[in-house]
Amino acid sequence: MSLDKRIKLKNGVEMPVIGLGTSLRGKPNKVDNQQFIDSIKHALNIGYRHIDTAKAYNNENLIGQAIKESSVDRKEIFLVTKLFPDDMGFEKTLKAFEKSCKQLQVDYVDLYLIHFPGKPNKPDAQLEKSRQLRLDSWKALEKLYNDGKCRAIGVSNFMKRHLEELLEAGMSLPMINQCEFHPYYNNKDLWDYCNQIGVQFEGYSPLGKGNLLNDDVVLSLAQKYSKTPAQILLNWCLRNNVITVPGSTNLERLEENFNVFDFSLSDSDVDLLWNLNKNEKVSWDPTNVV
Ligand SMILES: NC(=O)c1ccc[n+]([C@@H]2O[C@H](COP(=O)([O-])OP(=O)(O)OC[C@H]3O[C@@H](n4cnc5c(N)ncnc54)[C@H](OP(=O)(O)O)[C@@H]3O)[C@@H](O)[C@H]2O)c1
């Protein structure tokens, strides 16, 4: 059985289910700019058509350069970038978007995401301000979408209450919510909720930043299916209808992470991986953002 390489978003736009994660934050194997650019070009050469970046990753310019230098047409690439939390607010969002496009050397992006719902809030006075910043930023994303500057818009790290806030304000729902998703932090309640309300769930850190690669269950499934542990974890995302963005700058591992469509975990093996949950996050935590 082979799995689909694209998912249709609710506006009909097709998004490749495996994207290239490009955050180098906390990565043990450091690479220089040229190696990074070469890894993006290699990914495009071997078939990746979805690149996930953000202003926060400080590499939009390098990705723009790699796309320009690659033989793949810009229009074939599903390019995602994200609004940095310090840039939230209506006018600031519009400006930040233009700046990201300039860095990426493009005149549109395929998906623009609000990267994080805000900053951890302490004083009560901050709460209303934080809510307003989210709503104003979302309004700006709606404008960018309506003006044809992005083909889809969404959010990242939004919890149920942040999505409900948009509904209460009578605004449109995001097309995507990109959140941490791997068997040690399966985010099941939020995954369920997004599925219920028609927000496509996208997962990040699918390998738990490498923490899951030596898990006994993952290793035994790798042996059973004659696949690598990373391929098992990525196939699990796809089997759960989750778009995912494994990050690697290593040429062999890029290929390994893209070759995950030619098998399918059985339902019981999918469940086995759901049962590994430990609520153990490897990335930032939106819990305290009110
Ligand atoms: N929206 C958000 O707030 C948010 C937060 C975190 C991440 N993200 C996105 O998600 C992407 C991926 O997440 P992540 O980088 O945190 O974690 P990840 O993809 O779970 O793991 C990446 C780490 O695993 C290694 N690796 C990759 N493929 C491998 C393989 N086949 N076998 C063994 N090791 C492998 C990589 O090293 P090598 O490069 O050496 O292969 C890297 O150190 C990011 O790049 C970013 O685009 C988004």
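Begin by selecting helix H9, residues 251–258, which contributes three residues to the lining of the largest pocket and thereby gives the most to that lining. Keep in mind throughout that the model on screen is predicted.

With H9 still highlighted, display the largest pocket itself, whose volume is about 830 Å³. Its lining is made up of 36 residues, and if you centre the view on the pocket, the residues closest to its centre are Ser-23, Lys-27, Ser-205, Lys-209 and Gly-247. Colouring this lining by residue class will show 18 polar residues, 12 nonpolar residues and six charged residues.

Next, turn on the ligand, since the space that the ligand takes is the largest pocket. Select the shell of residues around the ligand, which numbers 32, and look for those that come nearest, namely Asn-29, Gln-178, Lys-209, Ser-248 and Arg-253. Lys-209 thus appears among the nearest residues to the ligand and also among the residues closest to the centre of the largest pocket. Helix H9 returns here as well, for with three residues H9 gives the most to the shell around the ligand. Coloured by class, that shell holds 16 polar, 10 nonpolar and six charged residues.

Now go through individual contacts of the ligand one at a time. Select Asp-52, where an N or O atom in the side chain is 2.7 Å from an oxygen atom of the ligand. Move on to Thr-249 and show its backbone, because the definition of a polar contact admits N or O pairs within 3.5 Å, and here a polar backbone atom of Thr-249 is 3.0 Å from an oxygen atom of the ligand. Then select Glu-256, where an N or O atom in the side chain is 3.0 Å from a nitrogen atom of the ligand. To see how enclosed the ligand is, switch to a surface view: the ligand taken alone exposes 910 Å², of which the protein buries 92%.

Finally, leave the ligand and select the second largest pocket, which holds about 330 Å³ of space. This pocket is lined by 19 residues, and the closest to its centre are Met-159, Tyr-185, Asn-187, Asp-189 and Leu-190. Highlight strand S8 (176–180) and helix H6 (188–197), the elements that give two or more residues to this lining. Which element supplies the largest share of the lining of the second largest pocket? That share, three residues, comes from H6. A last colouring by class divides the lining of the second largest pocket into seven nonpolar, six polar and six charged residues.

Terms used
Residues are numbered from 1 along each chain as its sequence is written. This is a predicted model: local features need pLDDT of at least 70, side-chain atom pairs count only at pLDDT 80 or more; totals for chains, interfaces and linings use all residues. Side-chain values use heavy atoms; hydrogens and water are left out. On a 1 Å grid over the protein atoms alone, a cavity is a set of points where a 1.4 Å probe fits but cannot get out, and a pocket is an open set with protein on both sides within 12 Å along at least five of seven lines; lining residues have an atom within 4 Å of a point. Grid points are joined across faces, edges and corners, and a volume is the space filled by probe spheres set on the points. Helices (H or I, at least four residues) and strands (E, at least two) are DSSP runs, numbered from the N terminus. Ala, Val, Leu, Ile, Met, Phe, Trp, Tyr, Cys and Pro count as nonpolar, Asp, Glu, Lys and Arg as charged, and the others, Gly among them, as polar. A residue is near a molecule or strand if one of its heavy atoms lies within 4 Å of it. A polar contact is a pair of N or O atoms within 3.5 Å; within protein, one must be able to donate a hydrogen and the other to accept it, and residues adjacent in sequence count only if both atoms are side-chain atoms. Accessible areas come from the Shrake-Rupley method with a 1.4 Å probe; for residues, only the protein chains shown count as cover. A molecule sits in a cavity or pocket if more than half of its atoms lie within 2 Å of its grid points.
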